[in-house]
Amino acid sequence: SNMGELCVHSVLVTGANRGLGLGFIQHFLRMPDPPQWIFAGCRDPKGQRAQELQNLASKHPNIIIIPLEVADPASIKAAAAKVGEHLGGSGLNLLINNAGMAKPNSLDNETLENMTQIYTTNTVGPLLMGQAFLPLLKKAAQGSPGSGLSCSKAAIINMSSYAGSIQDMYVWEFGQVVSYRCSKAALNMLSKCQSLAYKEHGILCVALHPGWVQTDMGGAGSLKPPLTVDDSVQGMLKVLSSISEKETGTFLDWEGKVLPW
C-alpha cells in the first residue's frame, strides 16, 4: 500500500467525534508511522457524541482533543492558539476541514436561517480555519525540504461533496438539499481561491468528495449509501499520499478521480 508515503508530523481534523472525522483519527493511528500530534476538533468534547473519541484519546497520548466550533471565530482563534502551544516551534502539516452539516430541505422549504446556518458551518468555517491556521501551515511548509507541494509538507483538505457539482447535479432525484448543495459549490470556489493564495506559501489545497458514505449524515435518507467510512477514509488517505502541485485547486473524489465543477 502506498499509504506509507503520507508522512505527517501533525494533523488537525475538524468534526472528529464521529463519521468521517473519527474515521480519519482511527486511520492516522493505524499508520506505520503515525503522526506525533493528532488534533481532534470537536464541538462538545464532554458530550455523549464524543464518547468514542474520548476513549481513543485515553489510550493514545498523541490524540489531543480540541474544543472547536467552526461557526464561531472566537472558538477557532482559541483552537489555533492551543494547537500552536502543543506544537511548540513546529508547524501543522495537514488541516482537514471535515466538520459539516446538512438539512434535507427541498427548494420550497429553504429559509434564510437554514441557508445562513449551513453556509456558515460548511463554507465560512473552512475559510476562517484557513486564516487562523495559516501561520502554522506556513511554518510546516518552511520546515520541509524541497520546493514542491505535498500533503506531507503542508495542506488544507476541504471535505466537499459531489452534491456541490453544478454540472452534474448528483442525485437530485434523491434529495434537493439546496442549502447543502449551495454551501459545497461555494466551498469548491473557496478551495480554488485558497490554492491560488496559499501556493506561494508552499501549501496545497484541494476539495475532496468522500463518496456517499454510511454516516449519520449520509445515511439519513431511505437509500443505504454504498460506502463504509473505512473504505472512504482509506481511499482518501491514498489520494492524499499521491497528490502534488499538479492537483492543487482541484475537486477530487475518494478514488482520486477529477470531478466536474
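The following paragraphs describe the fold, the largest pocket, the aromatic pairs and several individual residues of a predicted model.

The protein contains 6 helices and 7 strands, and these elements follow the pattern β-α-β-α-β-α-β-α-β-α-β-α-β when read along the sequence. The radius of gyration is 17 Å, close to the 18 Å that the globule rule gives for 261 residues, and the protein is therefore as compact as a globular protein of that length. The C-alpha trace spans about 50 × 40 × 35 Å along its principal axes. Of the 261 residues, 53% count as buried. Among contacts between residues at least 6 apart in sequence, 73% join residues that are at least 24 apart.

The largest pocket holds about 1300 Å³ of space. Its lining comprises 47 residues, of which Gly100, Met101, Ala102, Met217 and Gly218 are the closest to the pocket centre. Two or more residues of this lining are contributed by helix 1 (19–30) and by helix 5 (178–198). When the lining of the largest pocket is divided by class, 20 residues are nonpolar, 18 are polar and 9 are charged. Two of the residues named as closest to the pocket centre, Gly100 and Met101, also appear among the contacts of Thr121, which, with neighbours within four places in sequence left aside, touches Val70, Ala71, Ala99, Gly100, Met101 and Pro126. Thr121 itself lies in helix 4 (residues 112–142), and with a relative accessible area of 8% it is classed as buried, because that value falls under the 20% cut-off.

A search of the whole structure returns 4 aromatic pairs. One of them joins Trp37 and Phe39, whose rings are stacked with 5.8 Å between centres and 5 degrees between planes; both Trp37 and Phe39 are buried. A further stacked pair is formed by Phe251 and Trp261, with a centre-to-centre distance of 5.7 Å and an angle of 20 degrees between the planes. This second pair links distant parts of the chain, since Phe251 belongs to strand 7 (residues 251–253) whereas Trp261 lies in the segment after strand 7, 10 residues apart. The two partners fall into separate accessibility classes: Phe251 has a relative accessibility of 1% and so counts as buried, while Trp261, with a relative accessible area of 42%, is partly exposed.

The Trp37 and Phe39 pair can be placed in context through Ser10, which is found in strand 1 (residues 10–13). Ser10 is in contact with both of these aromatic residues as well as with Pro35, Leu87, Gly91, Leu92, Asn93 and Leu94, when residues up to four places away in sequence are not counted. The relative accessibility of Ser10 is 0%, so Ser10 counts as buried.

In the segment before strand 1 lies Leu6, which is buried with a relative accessible area of 2%. Leaving aside neighbours within four places in sequence, the contacts of Leu6 are Phe28, Met31, Cys151, Ser152, Leu237, Leu240 and Ser241. The C-alpha atoms of Leu6 and Ser232, which are 226 residues apart along the chain, are separated by 16 Å. For Ile65, located in strand 3 (residues 63–67), the C-alpha separation from His209 is 25 Å, and these two residues are 144 residues apart along the chain. The contacts of Ile65, not counting residues up to four places away in sequence, are Ala40, Cys42, Pro45, Leu53, Gln54 and Ala57.

Backbone geometry was also examined. Most residues other than glycine have a negative phi. Met169, however, has a phi near 45 degrees, a positive value in a residue other than glycine, and Val177 likewise has a positive phi, near 25 degrees. Met169 lies in the loop between strand 5 (155–159) and helix 5, and Val177 is likewise found in the loop between strand 5 and helix 5. With respect to accessibility, Met169 is partly exposed, with a relative accessible area of 34%, whereas Val177 is buried, with a relative accessible area of 18%.

Conventions:
Residues numbered from 1 in each chain as written. Predicted model: local features only at pLDDT ≥ 70, side-chain atom pairs only at ≥ 80, totals over all residues. Heavy atoms only, no water. 1 Å grid on protein atoms, 1.4 Å probe; cavity = no way out; pocket = protein on both sides within 12 Å on 5 of 7 lines; lining within 4 Å. Points joined across faces, edges and corners; volume = space filled by probe spheres on them. Helix = DSSP H or I, 4+ residues; strand = E, 2+ residues; numbered from the N terminus. Nonpolar A, V, L, I, M, F, W, Y, C, P; charged D, E, K, R; others polar. Phe/Tyr/Trp six-rings, centres within 6.5 Å; stacked < 30°, edge-to-face > 60°. Buried < 20%, exposed > 50% of the residue type's maximum accessible area, 1.4 Å probe, protein only. Rg over C-alpha atoms; globule rule 2.2 N^0.38 Å. Contact = heavy atoms within 4.5 Å.
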